[in-house]
Amino acid sequence: MNDTPTTGTALPGQATPAVAAAVNGSGEERRDYRPGYEIVSEQILEYIAGERLVAGDRLPTEHDLAKTLNTSRAVVREAVKILSALGRVRAHKGRGLFVADDEGMLITSRWGGFFRPVDLDHVLMLFEFRKVQETAASSLAATRATPAELRTIEVAMQQCRHGVEHEQVDIFNQADDDFHTAVATAAHNTFLLSAVRDARRLQRQSSAIGIHDMLGDAARAAVEEHEAIYRAIRDGRPEEAAAATVIHLDRTLEDYRREIQRRLFG
C-alpha cells in the first residue's frame, strides 16, 4: 500500500485540447452528449489503472486533479461524487482522496483495477466473461431454483417492467441488477454468484458515467428477454434458459457498443 501523497503526478492520457474543450464546456457537438464530469471520471479511473493503485492508496487532491486536467474544481468534484457512489474512491476530510476499500473495490486486484468503462475492447471482454458465467448460472438455476428463489426472480422481472412502463430509470436499473443476481443465487454455486456480482459491479461503472442512463427500446427488449429467461428457469428447461441468456447478453452488448461509439465518434 502506498500512502505517499501523489500531488502533482501527471495522469496518463492527460487531457488533449479536444477533451479539455469538452471538459470546459466548449465545442457544441461534444457538449451535447459528453458532460465534463463524465470525461474526468474516466480519466481518474484510467489513472487508478495506469498507476496500479489498490485500496487505500492516495490520489491527487481535487485541486491538483483540476489543474492537471485543465478543468474546474467543480467538475472534478462532480466526477469524484460519481466515483464515490461506485465505491471506487473515498474522500476523507482533512486527509484527501483515496482509492476505496469497501466491497466494491475487492475485485481491484483481480480485474477492476484495469477496467476502463468506455474502452470498447474492455466492454467486449467483460460481456464475454458475463456470457460464460451467466449462461452457466441460468442453466443451473433451471434445475436447482427453489420456489422462493423463483418468486424473487419473478418479482425482479416485474419490477423491470414497472420501471420501463413508468419511465423510472432507477427502479429499472435496480431491478435489472436484482434479476441477474437472483438468477445467479438460484444456481446454488457460490463461485458463480461471486463472479456475476463482480462483473456487474464493473458494468455499473459504464452505467454511472452515463452509458446507460435512459430507458428506451433497449430496456423494453430487456424486459421481454428477462421474461424468457425466467420462464425457462421456472419450467426447468436449462438449455432454453442458457440460450435466452445468450440472446439477452448479446443484444445488451450491441447496445453498449453503439452507445460507446456514438459518444466517442459522434
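Angles under 35 degrees count as roughly parallel, over 145 as roughly antiparallel, 65 to 115 as roughly perpendicular, and whatever is left over is oblique. Keep that scale in mind while looking through this predicted model, and start with helix 7, which spans residues 120–144. The axis of helix 7 comes within 7 Å of the helix 9 axis, and the two cross at roughly 60 degrees. That puts the pair outside the parallel, perpendicular and antiparallel ranges, so helix 7 and helix 9 are oblique to each other. The crossing is left-handed.

Now zoom in on the side that helix 7 turns to its partner. Arg 130, Glu 134, Ala 137, Ser 138, Leu 140, Ala 141 and Arg 144 come from helix 7, and they meet His 180, Val 183, Ala 184 and Ala 186 of helix 9. Sorted by class, this contact has six nonpolar, two polar and three charged residues.

Helix 9 (residues 169–186) also packs against helix 8 (residues 147–165), this time at an angle of about 160 degrees and with the axes 8 Å apart. Since anything over 145 degrees falls in the antiparallel class, helix 8 is roughly antiparallel to helix 9. Here too the crossing is left-handed. On the helix 8 side the contact includes Glu 149, Thr 152, Ile 153, Ala 156, Met 157 and Cys 160. Helix 9 answers with, among them, Ile 171, Phe 172, Ala 175, Phe 179, Ala 182 and Val 183. The full set of contact residues divides into 12 nonpolar, five polar and three charged. Val 183 is worth a second look: it takes part in the contact with helix 8, and it also meets helix 7.

Next, the cores. The largest nonpolar core has 18 residues, and Val 40, Ile 44, Ile 48, Leu 53, Leu 59, Val 76 and Val 89 are the ones with the most contacts inside it. Helix 3 (36–50), helix 4 (62–68), helix 5 (73–86) and strand 2 (96–99) each put at least two residues into this core. There's also a second, separate core of 16 residues, and Ala 141, Ala 142, Leu 150 and Tyr 230 are part of it. You've met Ala 141 already, as one of the helix 7 residues facing helix 9.

One last stop is Glu 225, which sits in helix 11 (residues 217–234). Is this residue buried or exposed? Its relative accessibility is 12%, and the cut-off for buried is under 20%, so Glu 225 counts as buried. Leaving aside residues up to four places away in sequence, Glu 225 touches His 248 and Arg 251.

Methods
Residues are numbered from 1 along each chain as its sequence is written. This is a predicted model: local features need pLDDT of at least 70, side-chain atom pairs count only at pLDDT 80 or more; totals for chains, interfaces and linings use all residues. Side-chain values use heavy atoms; hydrogens and water are left out. A nonpolar core is a set of buried Ala, Val, Leu, Ile, Met, Phe, Trp, Tyr and Cys residues joined through side-chain atoms within 4.5 Å. Buried means under 20% relative accessible area, exposed over 50%, partly exposed in between (1.4 Å probe, protein chains only). Helices (H or I, at least four residues) and strands (E, at least two) are DSSP runs, numbered from the N terminus. Axes are lines fitted to C-alpha atoms, for helices over the stretch in contact, and angles run from 0 to 180 degrees between N-to-C directions. A crossing is left-handed if the near helix is turned anticlockwise from the far one by less than a right angle, and right-handed if clockwise. Contact means heavy atoms within 4.5 Å. Ala, Val, Leu, Ile, Met, Phe, Trp, Tyr, Cys and Pro count as nonpolar, Asp, Glu, Lys and Arg as charged, and the others, Gly among them, as polar.
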